[in-house]
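Hi,

Here is the structure I said I would pass on. Have a look at it first, and then read on for what turned up when I went through it.

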Number of protein chains: 4
Amino acid sequence: MAIQGILRPGHAAIRVLDMDAAVNHYVEWVGLIETQRDDQGRVYLKGWDEHDLFSIVLREADAPGLDYMGFKVDSAETLEHYAKKLADAGVAVERIAEGELKGCGERIRFHLPSGHALELYASKQYIGNGLPNVNPDVWPDGLKGMKPNRFDHCLFNGDSVPETVDFMVNLLDFDLTEKITGPDGEITGAFFACSNKAHDLALIHEDSKAKLHHLSFHLDSWDDIRNAADIMSKKYIPVEYGPGRHGLTRGLTIYFFDPSGNRNETFHGGYIRYPDHPCIIWEHTDVAKGIFYYGHQVVESFVTANT
Amino acid sequence: MAIQGILRPGHAAIRVLDMDAAVNHYVEWVGLIETQRDDQGRVYLKGWDEHDLFSIVLREADAPGLDYMGFKVDSAETLEHYAKKLADAGVAVERIAEGELKGCGERIRFHLPSGHALELYASKQYIGNGLPNVNPDVWPDGLKGMKPNRFDHCLFNGDSVPETVDFMVNLLDFDLTEKITGPDGEITGAFFACSNKAHDLALIHEDSKAKLHHLSFHLDSWDDIRNAADIMSKKYIPVEYGPGRHGLTRGLTIYFFDPSGNRNETFHGGYIRYPDHPCIIWEHTDVAKGIFYYGHQVVESFVTANT
Amino acid sequence: MAIQGILRPGHAAIRVLDMDAAVNHYVEWVGLIETQRDDQGRVYLKGWDEHDLFSIVLREADAPGLDYMGFKVDSAETLEHYAKKLADAGVAVERIAEGELKGCGERIRFHLPSGHALELYASKQYIGNGLPNVNPDVWPDGLKGMKPNRFDHCLFNGDSVPETVDFMVNLLDFDLTEKITGPDGEITGAFFACSNKAHDLALIHEDSKAKLHHLSFHLDSWDDIRNAADIMSKKYIPVEYGPGRHGLTRGLTIYFFDPSGNRNETFHGGYIRYPDHPCIIWEHTDVAKGIFYYGHQVVESFVTANT
Amino acid sequence: MAIQGILRPGHAAIRVLDMDAAVNHYVEWVGLIETQRDDQGRVYLKGWDEHDLFSIVLREADAPGLDYMGFKVDSAETLEHYAKKLADAGVAVERIAEGELKGCGERIRFHLPSGHALELYASKQYIGNGLPNVNPDVWPDGLKGMKPNRFDHCLFNGDSVPETVDFMVNLLDFDLTEKITGPDGEITGAFFACSNKAHDLALIHEDSKAKLHHLSFHLDSWDDIRNAADIMSKKYIPVEYGPGRHGLTRGLTIYFFDPSGNRNETFHGGYIRYPDHPCIIWEHTDVAKGIFYYGHQVVESFVTANT
């Protein structure tokens, strides 16, 4: 099949300060679906149109942030292919047994030069998207809140952007779809896709390691972005930017925060990406337009706050 | 890269009865961009967000219909891989020299069991999408009509559906995303993807060969579907169905006809498809809902008219 | 105040064959809010953004259809003004005591030349729109189904269209916003407004008396029209036309049926009407475009079915 | 007719620093239609769905701002009624001869306690909305930019808010639809309607006289708001807030500036207002939510910049 190898963002494990407040935020307001909890007290969530058992894992902790992000691959063979390729390149690869995340098969974990823990896995329990596989409707009854259909991507903050680009492109076979360049042409931001989406993962430079800038959920339309903004106002969810648009990816967006301070995004759109399209370049002089296409102004917190 | 092999629908060559009327339809009303003509009088068009030189080729002829549809592959190696794989399977493969379509590299052509001529090619002249690669805006000025961003897919009519499914899946590595089944469970319709789209090509059974049911253009939103419907009414373009929705692919749609009787579609949406998702089945008892999710009624012409 | 006299469609009393099925349709699927029942078993409903106690009254009966439609006037003085004006013109005016509709003040009832029972009333119990009057949000939580914000208008079928136009314009001071004319220029359809809306009531000729063509509910957007269409498909609600658009009023629309066969409409848009705008004329040759702007085809049932 | 007296905002006369830059802004980017110029060099514009000759008049001057705003009334009798009512109340009323604004009948001009010049007039040359009155389409070809359908309202800044409320409500018969109250319950902002719109004019307190806060243009949909935002970004038009929403009126909005510093708004939506609806109150503690429903943050310039 044309679509093979690393398929998609499959999960992000997030630290939250107060589980009840986090569940209220992510389930009642954002509208993810709680599918299970485990004996460590972790709560597993998914967007309605995701077929596997979970895509977001919440863990109560003393500080917010990202524990790790996982990508699903198409087969056990692909998992072993990357395990070997990474090891051959001198990357430390940890194997995490099936079931450590409840319902997930064996994972391999390693770290990007930017310090972020990434995982690959080939199997996760299938539960479907709430619609039958025979004669399905277009959406299931009972959706809540902002009605996200899937966990879409993460944006990381960290250093070693050029090295991380090499890693993502050469070791993990991602496509570099767009990049941000500094005054000397050096790469300070990178957008990566393993699919026809404009991005599945992004990284923007900061002098630190392993920071989460935001976690993004995909909505069906610009009107759903408006609905999400209405809910944020009604529920006093702190909004940082939006409804707005990115020049980067062309996506329609709102940035907001969960009760622990983790930044969330609701996202719609973005172009269809093919590997024979050029990498789009955003110069540091125009990056505000790239990120905040509506307004052209850098929201201060956007470059100072992460978790 | 995860996206490799056969990339996307790259062109469809369409016969029209009157070139001036066709160009008026496709350029002024549909809003494709004319990029060139050749010395045979063929007219080459593209959607604004397509980067290659053309995706639709119009040829004046005595009868409407499809000459052939071409898919772009990622490399000359892939082209040779499929040429050999097809030949090894006993499929007649014709080689068409670079430049026969102006600006297109060498193509290989073969026929599906349903009688349709398919092509693969690895190179076509790059002209970009009207936006710079550095600090681009989200759309170019000067768009017309329905503002389609790309040629999205074709739906074919023909016999030998099961054999064509085998061909598409086993020889060309497409994913069977959805299928329609008859009273005895036999497959009577098939939707194929080589990407994360819900379909790049589809085939519905009819006792004939090599018929074009429709040619589809992608729009940005449900509001653009409304705008397209306004234009069809204003310009007295014959509409067959819509604005509406498909259960199949969940896409939002209008079916209408060009002046030669070739059916067109404006299409928005459809889910993101991954190869680990199940193939969705539409039983013959519910297929009206699958095709005409709004209304559940088969429009008579939909199953009788094609070109 | 500039807005005075007859204010708006205030209620429609509808006959249904089975109350449970009707309540399920209007409350669970359409999304009206049930506010009360009375000791006759009538069920009272409203759109969420209507402030008075009810706008739709359902009565179980042996045949579907409209008992009467009522308009709210701005004051008891206005009510008496019209009672006298109608009586002076020889129109039989019936007075219906406060409380006959639970929570509604005194009504006056009379019949149009087309046979329809119209009412005027000056007071109805105020319950608000579910939002506080101090620092309100933009919509309340808990909305269901198609989320209609109000009962918008009725379309009547009946004879004596010219006489009814005289009645509406000269006795009731409505504005004739659009009209349909026959082969000899005679008026066969009329659209009336008492507000800045493109219509609050309409009448299309048929050789009968007192028929209800449809009852219309206003939605917030074209995207809500899509959502309504999704629900109609999911719940197997019979759809006659749409999503579509009218040339008349420019409104976006879907026509569908309640379980008793009463035609409903979900409606969005329409222009802002001022009395110094010309009356728009639809000639019988173009009326299909006026009614079914998308498609230009008369749906047969549209001119044969009413209640 | 129920709609009578003062009908609608009919014109605003605006000072601009550079006429060519202003015309480029209002015609090419905002998308108003230039209908004429006069021998003083004033440029007359209208939204496409306005039927009278103009609604915006641009005058080149040394400082930006509003010269006056005019409301159309339904008849010469109404004009005289208000001329007398105002004079009887001791208000100075100036009569401006027919033709002073080219194509406009006689105007009466007077000043609100807040210092703003208001006008009433009963006649203006009718040119229609670009569509025929017989069998019209839903919009005309050739629209540009943000495609505003009409000049919607002004927001004034000035002192004497309570006195201006008395003036608008008691002398001019406007409806007070919403108000902002200060710590002691005093009224600091007022929204007035002469129609079924949520506002036709508004005033927010500032210790000055006769300031223009913004001039608003109505768009057809939330998607047109997005399109307007895209154009603002593409053309580097300074944006102050939005796409966003107001709690006040519930309208969807973007605030931006013309090249002279006059604030513009693109506006969609807002509820249908009837005079028996309560006046909505926004307390000073929640006014940020009322004005900036998305974000709840006062944009600093919003309360400091006007013209």
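Let's start with an arginine in chain C. C:Arg15 sits in strand β1, which covers residues 6-16 of that chain. Before you read anything else into it, keep in mind that this is a predicted model.

Is C:Arg15 buried or exposed? Its relative accessibility is 19%, so C:Arg15 counts as buried, the cut-off being under 20%. Its side chain has two backbone oxygens to talk to: that of C:Pro64 at 3.0 Å and that of C:Leu66 at 3.3 Å. Both of those residues also turn up among the contacts of C:Arg15 once neighbours within four places in sequence are left aside. The rest of that list is C:Arg59, C:Ala61, C:Ala63, C:Gly65, C:Asp67 and C:Asn262.

Chain A has an arginine worth setting beside that one. A:Arg273 is in the loop between β16 (263-268) and β17 (280-283). With a relative accessibility of 2%, A:Arg273 counts as buried. What does its side chain make a polar contact with? The partner is the side chain of A:Asp175, at 2.9 Å. Setting aside residues within four places in sequence, A:Arg273 is also in contact with A:Leu176 and A:Thr177, with the run A:Ser195, A:Asn196, A:Lys197 and A:Ala198, and with A:Pro278 and A:Cys279.

The strand after that loop, β17, holds A:Trp282. This tryptophan counts as buried because its relative accessibility is 0%. If you click on A:Trp282, look across to chain B as well: B:Asn135 and B:Pro136 are among the residues touching it. From chain A itself, the neighbours more than four places away in sequence include A:Glu178, A:Lys179, A:Ile180, A:Thr181, A:Gly247 and A:Leu248, and A:Lys289 and A:Gly290 are on the list too. For a sense of distance, A:Leu118 is 164 residues from A:Trp282 in sequence, and their C-alpha atoms are 26 Å apart.

Now for chain A as a whole. It has six helices and 17 strands. Its C-alpha atoms fill a box of roughly 50 × 45 × 45 Å along the principal axes. The radius of gyration is 18 Å, which agrees with the value near 19 Å that a compact globule of 307 residues would have. Buried residues account for 66% of the chain. If you take contacts between residues at least 6 apart in sequence, 68% of them join residues at least 24 apart.

As for the surface of chain A, about 9900 Å² is accessible, and carbon and sulfur atoms own 50% of that. On charge, chain A carries 29 positive and 46 negative side chains. The centres of those two sets are 3 Å apart.

A few backbone oddities are also worth a look. Most residues other than glycine have a negative phi, and most peptide bonds are trans. Where does the model depart from that? In chain A, the bond from A:Gly242 to A:Pro243 is cis, with omega near 0 degrees, and A:Pro243 belongs to strand β14 (residues 239-245). Chain C has a cis bond from C:Gly242 to C:Pro243, with omega near 0 degrees, and C:Pro243 is in strand β14 (residues 239-245) of that chain.

On the phi side, A:His296 has a positive value near 60 degrees; you will find A:His296 in the loop between α5 (287-291) and α6 (300-304). C:Ser160 has a positive phi of about 60 degrees, and its place is the loop between β9 (150-158) and α3 (161-171) of chain C. In chain D, D:Asp173 comes just after α3 and has a positive phi of about 65 degrees.

While you are at that helix in chain D (residues 161-171), the buried residues there include D:Val161, D:Thr164, D:Val165, D:Phe167, D:Met168 and D:Leu171. An α-helix has 3.6 residues a turn, so residues three or four places apart point the same way.

One last stop is chain B. B:Asn24 is in helix α1 (residues 19-30) and counts as partly exposed, because its relative accessibility is 30%. B:Pro259 is 235 residues from B:Asn24 along the chain, yet their C-alpha atoms are separated by 9.4 Å.

Cheers

Terms used. Residues are numbered from 1 along each chain as its sequence is written. Chains are lettered from A and ligands numbered from 1 in the order in which they are written. This is a predicted model: local features need pLDDT of at least 70, side-chain atom pairs count only at pLDDT 80 or more; totals for chains, interfaces and linings use all residues. Side-chain values use heavy atoms; hydrogens and water are left out. Helices (H or I, at least four residues) and strands (E, at least two) are DSSP runs, numbered from the N terminus. The radius of gyration is taken over C-alpha atoms; the globule rule is 2.2 Å times the number of residues to the power 0.38. Buried means under 20% relative accessible area, exposed over 50%, partly exposed in between (1.4 Å probe, protein chains only). Contact means heavy atoms within 4.5 Å. Accessible areas come from the Shrake-Rupley method with a 1.4 Å probe; for residues, only the protein chains shown count as cover. Lys and Arg count as positive and Asp and Glu as negative; His and the chain ends are not counted. The place of a charge is taken as NZ of Lys, CZ of Arg, CG of Asp or CD of Glu. A polar contact is a pair of N or O atoms within 3.5 Å; within protein, one must be able to donate a hydrogen and the other to accept it, and residues adjacent in sequence count only if both atoms are side-chain atoms.
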